[in-house]
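Student: Before we look at the model, could we go through the terms used for it one at a time, setting each value against its cut-off?

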Amino acid sequence: MSIILRSLEKNFQVDHNSFQVLKNINLEIKSGEFVSIVGKSGSGKSTFLNMITGIDHPSKGYVLVNGVNLNKLKRSELSRWRGINLGIVFQFFQLIPTLTLVENVTLPMDFCKMYKKSERKKIAMLLLEKVGLKEHATKLPSQVSGGQQQRAAIARALANNPPIIVADEPTGSLDSNTAQSVFELFKELIKEGKTVIFVTHDEHLANESKRKIILSDGKIINDNYMLKDNVN
């Protein structure tokens with residue numbers, strides 16, 4: 001499932017001033033790639049992810065995901081499309097605090113009406129087992145550690161078996177050892193054929209990805225995938 005961004009720009013209006021956050025982004029991410037997005041604060045990383053996920057729309061240009069132009073989808077269509085095609089992992093987990101871990105994981109299935117109702121809990125339990133949380137399934141998020149909450153968030157992102165996983169600073173609030181263990185889960189997903197795109201400030205983790213894209217002032221200033229192509 002390829003992701004194509006063409007002539008993409010994003011402007012924000014603040015009072016009477018317009019600020020350009022993304023500038024003429026042209027990029028293709030192929031199915032099964034492991035991509036890190038790095039750059040200083042304010043470089044446009046999170047806005048870049050919002051374009052890919054359809055959370056926000058470009059001011060100019062377009063985003064195609066497997067041939068689907070996200071700009072042309074209605075809000076209701078986009079929500080369902082996102083629920084089936086994308087798994088999103090946030091820095092601060094965003095688990096619903098009043099629901100158990102297994103209930104959090106079943107939510108995307110309920111929303112998109114995926115699988116039979118009688119099968120959803122079983123699938124959620126298998127996903128929690130996959131991320132090492134089976135024994136914590138009935139606990140609330142507040143009853144487990146930050147690393148375990150992020151693992152639960154990854155399980156939730158996998159609920160509908162999406163081909164693409166997008167993560168915004170998924171290890172930013174974790175200590176280095178826990179961050180590495182969470183990162184290993186992403187590596188496993190790549191082996192399963194998923195496409196993983198993650199924003200990070202951690203250069204060590206970024207360098208472990210197969211492709212590193214550096215953003216600065218809203219522009220791509222380096223893409224080691226393109227550099228490799230030029231060498232070859």
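**Reading helix packing and strand pairing**

Tutor: H3 and H5 are roughly parallel to each other, and this is a statement about a predicted model.

Student: What makes H3 and H5 roughly parallel to each other?

Tutor: Helix H3 (residues 101-112) and H5 pack at an angle of about 30°, with their axes 8 Å apart; angles under 35 degrees count as roughly parallel, and H3 and H5 are therefore given that name. Their crossing is right-handed.

Student: Which residues in H3 and H5 meet?

Tutor: Leu-101, Asn-104, Val-105 and Pro-108 in H3 meet Ala-152, Ala-155 and Arg-156 in H5. By class, this contact has five nonpolar, one polar and one charged residues, where Arg counts as charged and Leu, Val, Pro and Ala count as nonpolar.

Student: Which residues in H3 are called buried, and what do the buried residues of H3 pack against?

Tutor: The term requires under 20% relative accessible area, and in H3 it applies to Leu-101, Val-102, Asn-104, Val-105, Thr-106, Met-109 and Cys-112. These buried residues pack against helix H2 (75-85), helix H4 (117-130) and H5. Just after H3, Lys-113 takes a positive phi of about 55°.

Student: Why are H5 and H6 also described by the angle between them?

Tutor: Two packed helices are described by the angle between their axes and the distance between the axes. The axes of helix H5 (residues 146-157) and helix H6 (residues 176-191) come within 10 Å and cross at roughly 15°; with the cut-off at under 35 degrees, H5 and H6 are therefore roughly parallel to each other. The crossing of H5 and H6 is right-handed.

Student: Which residues in H5 and H6 meet?

Tutor: From H5 come Gly-147, Gln-150, Arg-151 and Ile-154, and these meet Thr-178, Ser-181, Val-182, Leu-185 and Phe-186 in H6. By class, the contact of H5 with H6 has four nonpolar, four polar and one charged residues, with Gly counted among the polar ones.

Student: How do you know that S1 and S2 pair, and what makes S2 and S5 edge strands?

Tutor: Pairing requires at least two bridges, and strand S1 (residues 3-14) and S2 pair in the antiparallel sense over nine bridges, with Gln-20 in S2 as the bridge partner of Asn-11. Four strands form an open sheet in the order S2-S1-S4-S5, with antiparallel pairing; strand S2 (17-29) and strand S5 (68-69) are its edge strands, since each pairs on one side only.

Key: Residues numbered from 1 in each chain as written. Predicted model: local features only at pLDDT ≥ 70, side-chain atom pairs only at ≥ 80, totals over all residues. Heavy atoms only, no water. Axes fitted to C-alpha atoms, helices over the stretch in contact; angles between N-to-C directions. Helix = DSSP H or I, 4+ residues; strand = E, 2+ residues; numbered from the N terminus. Parallel < 35°, antiparallel > 145°, perpendicular 65-115°, else oblique. Left-handed = near helix turned anticlockwise from the far one by under 90°. Contact = heavy atoms within 4.5 Å. Buried < 20%, exposed > 50% of the residue type's maximum accessible area, 1.4 Å probe, protein only.
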